[in-house]
Amino acid sequence: MKIINVALLAGGYTGEYEVSINSAKNIANSLDASKYKVYTILINKDSWVYHNGHEVVHVDKNDFSLVLNGEKVKFDFAFITVHGTPGEDGKLQGYLDMIGIPYNTCDSTTSAITMNKAYTKAIVNGIHGLHVAKSVQLHRKDEHDTATISSALKFPLFVKPNNGGSSVGMSKVYNVGGLHDAIEKAFKEDSQILIEEFIKGREFSIGIARLNGKIVVLPATEIISTKDFFDYEAKYTPGITNEVTPADLPAEKNREIADIVTQAYLRLNCRGMCRVDFILLDNTNEFYFIEINTTPGQSANSLIPQQVRAAGMDLTEFYGQLIEDAIKA
């Protein structure tokens, strides 16, 4: 059986660089070494490099190859685990499409759209059973009148980068006095930001993937944080957040959630694995869509690995199936 050369793309240009590195380590350790030869490629703005232990080898971007010990190594597959740009916003996907290398994520169009929270919500709005919070989208180049914003939306509000991930630059604001600083904080991360009304309820995240040609919805995780909201610190600092997988939900509610996220996956033309974050509103249990992540974190304790294990699968099988399905597509 031919060994498949896998370029495991990690790093990126954002504050999620270290998260991506941790994801790559877990994926590399989980892939079946008898089937896949893994080369971890670090993506930076000025270079794409492979560390082989004693030297740094630069990737030839003309044909996406390496020269190791005088021999050219060409890749059969790219496993993208870059969170944020350029791996989650369609840039790497467009490059790989042009040179004909299959990869594990959504295509360039879907990746670009889903990185934009406002555009994504506009597309999924209207799915039966799915609700979205009332929001305002701002661009850095425009004027920002906090009085107008506060009159259009009900406090408390979430202020977040429109194209960010891992909750970097996100704030919860309780009155108009805190709005200006929160807007400035979010604009440090992105030229577009989203201000949306706070939805009070239980917070969840659920993985979904196409495996063996079929859409599989993984068990949901409930996010129970000791902080006021699930920000970057809450996500990545041990002890701050309790993640319950599988979530304590009735079977009927699980079926309803699975149907909603499947419809979102299909409507957005997703491929590979994604993760949908949502809230079940207090009292009514209505489903409120937060966002969809098309390159979700894959460190050992990340949500998708938790959910894969809860579904009775192992990560070696899961990642291998993602690769095989993408190659066959």
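Helices (H or I, at least four residues) and strands (E, at least two) are DSSP runs, numbered from the N terminus. This is a predicted model, in which local features need pLDDT of at least 70 and side-chain atom pairs count only at pLDDT 80 or more, while totals for chains, interfaces and linings use all residues. Residues are numbered from 1 along each chain as its sequence is written, and side-chain values use heavy atoms, with hydrogens and water left out.

**Exercise 1. The whole chain**

Task: Describe the overall dimensions, burial and contacts of the chain.

Solution:
- Step 1. Start with the elements. The chain holds 10 helices and 18 strands.
- Step 2. Check the radius of gyration, which is taken over C-alpha atoms; the globule rule is 2.2 Å times the number of residues to the power 0.38. For 329 residues a compact globule would come out near 20 Å, and the chain has 20 Å, so the two agree.
- Step 3. Take the box. Along the principal axes, the C-alpha atoms fill roughly 65 × 45 × 35 Å.
- Step 4. Look at burial. Buried means under 20% relative accessible area, exposed over 50%, and partly exposed in between (1.4 Å probe, protein chains only). Of the 329 residues, 53% are buried.
- Step 5. Look at contacts, meaning heavy atoms within 4.5 Å. Of those with a separation of 6 or more, 65% come from residues 24 or more positions apart.

**Exercise 2. The five-stranded sheet**

Task: Give the strand order of the open sheet, then place the helices on it.

Solution:
- Step 1. Recall the rule. Strands of a sheet pair through backbone hydrogen bonds, either parallel or antiparallel. Here two strands pair if DSSP finds at least two bridges between them.
- Step 2. Read the order. The 5 strands run β4-β3-β2-β1-β7, with mixed pairing.
- Step 3. Find the edges. β4 (56-58) and β7 (77-80) each pair on one side only.
- Step 4. Add the twist. Axes are lines fitted to C-alpha atoms, for helices over the stretch in contact, and angles run from 0 to 180 degrees between N-to-C directions. Neighbouring strands are turned by 35° against each other on average, direction ignored.
- Step 5. Take one pair. β2 (residues 36-43) and β3 (residues 48-51) run antiparallel and share 3 bridges. L42 has V49 in β3 as its bridge partner.
- Step 6. Add the helices. α2 (residues 91-99) touches β1 (4-11), β3 and β7, and its direction makes about 175° with that of β7. α10 (residues 315-328) lies across β1, β2 and β7, at about 130° to β7.

**Exercise 3. A hairpin**

Task: Which strand does β5 pair with, and over how many bridges?

Solution:
- Step 1. β5 (residues 65-68) pairs with β6 (residues 71-74) in the antiparallel sense, over 4 bridges.
- Step 2. L66 has V73 in β6 as its bridge partner.
- Step 3. The hairpin has 2 residues between the strands, and N69 takes a positive phi near 55°.

**Exercise 4. Two charged side chains**

Task: Is E222 buried or exposed? Then treat K185 in the same way.

Solution:
- Step 1. E222 sits in strand β15 (residues 221-225). Its relative accessibility is 10%, so E222 counts as buried.
- Step 2. Beyond four places in sequence, the contacts of E222 include R202, F204, N242 and A247.
- Step 3. A polar contact is a pair of N or O atoms within 3.5 Å; within protein, one must be able to donate a hydrogen and the other to accept it, and residues adjacent in sequence count only if both atoms are side-chain atoms. One of 2.8 Å joins the side chains of E222 and R202.
- Step 4. K185 belongs to helix α6 (residues 179-187). At 40% relative accessibility, K185 is partly exposed.
- Step 5. Beyond four places in sequence, K185 touches G169, M170 and S171. A polar atom of the K185 side chain lies 3.3 Å from the backbone oxygen of M170.

**Exercise 5. Backbone exceptions**

Task: Where are the cis peptide bonds and the positive phi values?

Solution:
- Step 1. Most residues other than glycine have a negative phi, and most peptide bonds are trans.
- Step 2. The bond from T85 to P86 is cis, with omega near 5°. P86 lies in the loop between β7 and α2.
- Step 3. The bond from F155 to P156 is also cis, with omega near 0°. P156 is in the loop between α5 (146-152) and β10 (157-161).
- Step 4. N269 has a positive phi of about 60°. N269 is partly exposed, at 46% relative accessible area.
- Step 5. N285 has a positive phi near 60°. N285 lies in the loop between β17 and β18 (287-293).
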